[in-house]
Amino acid sequence: MAACTIVWFRRDLRLEDNPALIAAARAGTVVPVFVWSPAEDGQFHPGRVSRWWLKQSLTHLELSLKKLGSPLILRKSPDTLSVLLEIAEATGATQVFYNHLYDPVSLVRDHRVKQGLSQRGIVVHTFNGDLLYEPWEVYDEEGQAFTVYEAFWKKCMSMPFEPEAPLLPPRRLTGPIGKIVGCNAEELGLEDEFEKSSNALLARAWCPGWGFANKSLDSFLRSPLIDYARDRQKADGASGTPTSLLSPHLHFGELSVRKIFHEVRKRQITWAREGNAGGEASVNMFLRALGFREYSRYLSFHFPFTHERSLLANLKSFPWRADEGYFKAWRQGRTGYPLVDAGMRELWATGWAHNRIRVVVASFSVKFLQLPWRWGMKYFWDVLLDADLECDVLGWQYISGSLPDGHELDRIENPEVEGYRFDPDGDYVRRWIPELARLPNEWVHHPWDAPPSALRAAGVELGTNYPRPIVEIGAARERLQASLAEMWERDAAMKAALANGLEEGLGETVEVAGTGGPEHERMDVPRVMVHMQRDADMSCNSSRRDQLVPEIVPNQFHIRAHESIMNRSAAMVEDGEEAGRAAVPMVFASVRRGMGGNYGGHHVEGNGGEVAQASAPIQWPTVTAVDYELDSTAESASVTGRGGSEGGTVPVWSQSVSARTPIQVREGLVPEVRRGPGLSRRQLQASVQRVNLEGMTSNKQAEEEDFYVPKLVKWTQPRKRRVKQDG
C-alpha cells in the first residue's frame with residue numbers, strides 16, 4: 001500500500017532537485033504544505049521586500065504543484081507542529097519529509113517539530129536540499145570544525161566524493177483524496193495595502209519563482225559568467241549585469257545550489273579544454289562566492305551563537321558605540337560620504353545593493369561609526385530582498401574583524417578611495433544622490449574638498465542640501481585605535497580574572513595571531529569537535545546524512561558563577577551586552593539519543609521500535625529572545641528601550657515578550673533560555689558538542705532547572721574549584 005506523505009516546504013520553493021518532494025513522490029501520495037508562522041520567526045521576521053518575494057514565489061509554486069496533480073496547502077498559524085498534525089490526521093499521512101535548514105531559529109523549531117511528530121507515531125525523513133556538503137561532513141585533520149574560509153573551501157574542493165548531481169522534477173504527483181482546508185497566498189498576510197504600491201515597483205526588476213530562477217541561471221551562464229572575474233567589482237551595471245543576481249532565488253530555494261555548481265563546473269571544463277584562461281578564472285571566482293554561502297551555513301551550524309556575538313572571544317571587550325544619531329544618519333544615507341550614502345539609499349529603495357557596496361557601507365558602520373555590527377546585520381535583514389541570516393552574519397562578522405580571517409581590526413576603508421575604485425565615473429553616485437548629479441568627477445566622491453565655485457555651479461550647499469561628513473577620516477582612525485587599545489586592556493583584565501578563578505572559561509579554544517593591536521596579543525577562537533562526535537553517532541545506526549544539532553546540559557554551578565568584571569556603567573555597548581543587559585541568549589536543543597534507523601540512505605525518525613503516544617496535547621515551551629519590545633528600524637527611525645547609555649537607547653529588535661513563568665523541562669524539548677542574577681554570559685559562550693537528534697523515543701523526565709547552558713568541553717584556564725559536569 002502506497003504511503004501518504006506530507007512534504008513540508010520552507011526555503012526550498014522549487015520542483016527541480018528537491019530531495020524531499022522527489023522522495024515523497026516515489027513513496028506514494030504527496031501532500032505539499034507550507035506554513036507561514038511569523039510568531040516562530042521571532043526577531044527574524046522577514047522584512048517587507050523579502051515577504052513580497054515569498055508571496056510571489058509561493059504563488060508560482062502553487063500553480064506548478066497544481067499542474068502536477070497535488071496543490072500546495074497554505075496555512076497561517078503560530079504553531080507549525082499543530083498544523084502538520086492536523087493535516088496528517090485529515091489525510092491519513094504517516095510520514096513527513098522536509099529539507100534541512102541550518103540557522104539557529106530553524107534548528108530550534110525543526111527539533112521541536114520532529115519531537116512532536118515522533119511522539120504521535122509519524123515518521124520523519126530529512127534531506128540535504130540546501131548545501132553541497134553537510135556541515136558535519138567537513139572537518140580538519142584533527143576532526144575540528146574549520147574557522148578559516150580558505151581551509152574550509154580547499155577541503156570542500158578536495159572531498160573524496162563530489163556533490164550529488166541535481167535531481168529531475170517529478171513527472172506527476174498523486175494528491176490526497178478529498179479537499180484539505182487551506183488559504184491562498186493573499187490570505188497569508190505577507191503584505192498589507194500600504195505596502196502594495198511600493199512592492200509593485202519590485203516586479204519591474206525581479207521575477208520570483210523557481211521557473212524564472214532557472215531562466216536567470218541560464219542567462220548568467222550564457223554571458224556574464226565568462227567575464228565575472230573582470231566585472232564583478234563594478235558597482236554600476238550600466239554596461240551589463242556585473243553579478244549573477246541569483247542570491248534571492250538561492251535564499252528562497254527556488255534554485256538548487258547543486259545545479260548551479262554542476263552547471264558552472266561544466267563551463268569550467270569546456271573553457272579549460274579550449275584554453276580560455278579568463279573563463280577559468282571567472283569560474284573559480286564564482287565558485288568561491290558560492291563557497292561563502294556554504295561557509296555561512298557551516299559556521300551557523302557549528303557556532304549557533306554567531307548571530308548575536310563575535311566568533312572571536314576577544315571582541316566581547318570592544319567598546320561599541322550605541323549612538324542612535326549615527327545609526328539614523330547611516331540608514332538614511334546622510335553620512336556626507338557619497339558612495340556610502342548612495343549605497344544606503346539604493347538599499348532602502350530597491351532592497352538590493354552590489355556586494356562591494358554592501359561591504360563599503362558595512363565597513364563604514366562598524367569602523368568609522370563603531371556601531372555594533374549586530375545593528376547593521378539586523379537592518380540588512382529588515383530591508384534586503386535576499387535577506388539571509390547566515391550570509392548576513394558571515395558578512396558582518398567578517399567586516400567587523402570578528403572572524404579569524406576577517407578584516408584586520410585596525411583596517412579602515414577610505415570611502416573616497418573606494419568610490420574611485422568601484423565607481424570611477426561617478427555614475428552610481430549620481431543615480432542615487434541627485435544633489436550631486438552636476439558635480440564634476442573630480443569632486444563627486446569628496447565634495448567637501450571642492451572649491452566654492454564648483455559647488456555653486458553644481459547647486460550643492462554642504463550642510464544644507466547635502467550633509468558634511470559625519471566623522472572626519474582622521475578622527476575616525478584615531479578613535480578606532482583608541483577603542484582597540486581599550487579592548488586589549490579589557491581583554492587582559494578578563495583573562496586575569498579567569499586565571500584567578502573569578503570567571504568561567506569559554507570552553508575549548510585555540511589562539512591565533514592578533515590583528516590591530518600589540519604584536520603579542522592573541523585572538524581566542526572556539527574549537528568544536530566534528531569527526532569524533534560523528535563517529536560516536538554512527539554507532540547508533542545513523543547515516544552521514546542525519547542532521548545534528550548542538551547539545552546542552554543543565555548545570556546548577558553556572559547559576560552561582562560570578563558576574564563579569566566588565567564595566568557596564570561605561571557609555572559604550574560591548575559585544576553581546578546591550579544596554580540594560582538585554583542581549584539575545586543562545587538557544588540550543590537539549591537532546592537524548594534513542595533508537596533510529598535508515599531508509600533509502602536518508603534518516604527515518606519514529607520507526608525505531610514502539611513510539612510513545614502523547615496522552616495529552618504537547619505543551620511546547622516558547623523560545624524567546626529578548627526581554628522587551630522594540631520597533632524595527634526598517635519601519636521607524638526611532639526605537640524605544642531601556643536608556644542610560646550615551647547617544648540614546650540601544651536598538652534591539654524583537655517581538656514583545658510577556659511575563660515569564662517557570663516551565664517544566666523535558667529532555668528532547670527546547671527550553672526557554674533565560675538570564676537572571678548571578679548567571680554570567682561566560683556560561684553562554686562555551687563551545688558546544690553536537691549529537692544526533694534523530695530517532696529520539698525517550699520521554700524521560702529531566703530535572704527541573706532554572707537555566708540551561710552549553711556543555712563545557714574544556715576549561716581554558718585552571719579554576720580554583722572544579723565541578724563535575726552533568727550528563
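Let us start in the loop that runs between β1 (3-9) and α1 (19-27), where Asp 17 sits. This is a predicted model, and Asp 17 is a good place to look at its backbone. The phi angle of Asp 17 is near 50°, a positive value in a residue other than glycine. Is Asp 17 buried or exposed? Its relative accessibility is 1%, so Asp 17 counts as buried, the cut-off for that class being under 20%.

Now travel along the chain to Gln 370, in the loop between α15 and α16 (373-383). Here, too, the backbone is worth a look: Gln 370 is not a glycine, yet it has a positive phi of about 55°. With a relative accessibility of 0%, Gln 370 therefore counts as buried.

Another loop residue to find is His 100, placed between β4 (95-99) and α5 (104-119). His 100 counts as buried because its relative accessibility is 1%. Which side chain does His 100 meet in a polar contact of 2.7 Å? The partner is the side chain of Glu 134.

For a residue in a helix, turn to Thr 59, which belongs to α3 (residues 48-68). Thr 59 has a relative accessibility of 32%, so it counts as partly exposed; that class lies between the 20% and 50% cut-offs. If you follow the chain from Thr 59 to Asn 184, you cover 125 residues, but the C-alpha atoms of the two are separated by 8.1 Å.

With these residues in view, we can move on to the empty space in the model. Rolling a probe the size of a water molecule over the atoms shows where such space is left. The largest pocket holds about 1400 Å³. Its lining is made up of 42 residues, and those lying nearest the centre are Tyr 228, Ala 289, Phe 292, Asn 355 and Val 359. Two or more lining residues come from each of the elements α6 (149-156), α10 (247-251), α12 (277-302), α15 (355-368) and α17 (389-400).

What is the chemical character of the residues in this lining? They divide into 21 nonpolar, twelve charged and nine polar residues. The domain assignment adds one further view of the pocket: domain 2 (131-164 + 210-302) and domain 3 (324-478) each give at least three residues to the lining.

Notes
Residues numbered from 1 in each chain as written. Predicted model: local features only at pLDDT ≥ 70, side-chain atom pairs only at ≥ 80, totals over all residues. Heavy atoms only, no water. 1 Å grid on protein atoms, 1.4 Å probe; cavity = no way out; pocket = protein on both sides within 12 Å on 5 of 7 lines; lining within 4 Å. Points joined across faces, edges and corners; volume = space filled by probe spheres on them. Helix = DSSP H or I, 4+ residues; strand = E, 2+ residues; numbered from the N terminus. Nonpolar A, V, L, I, M, F, W, Y, C, P; charged D, E, K, R; others polar. Domains from an automatic or database assignment. Buried < 20%, exposed > 50% of the residue type's maximum accessible area, 1.4 Å probe, protein only. Polar contact = N/O pair within 3.5 Å; in protein donor to acceptor, adjacent residues only side chain to side chain.
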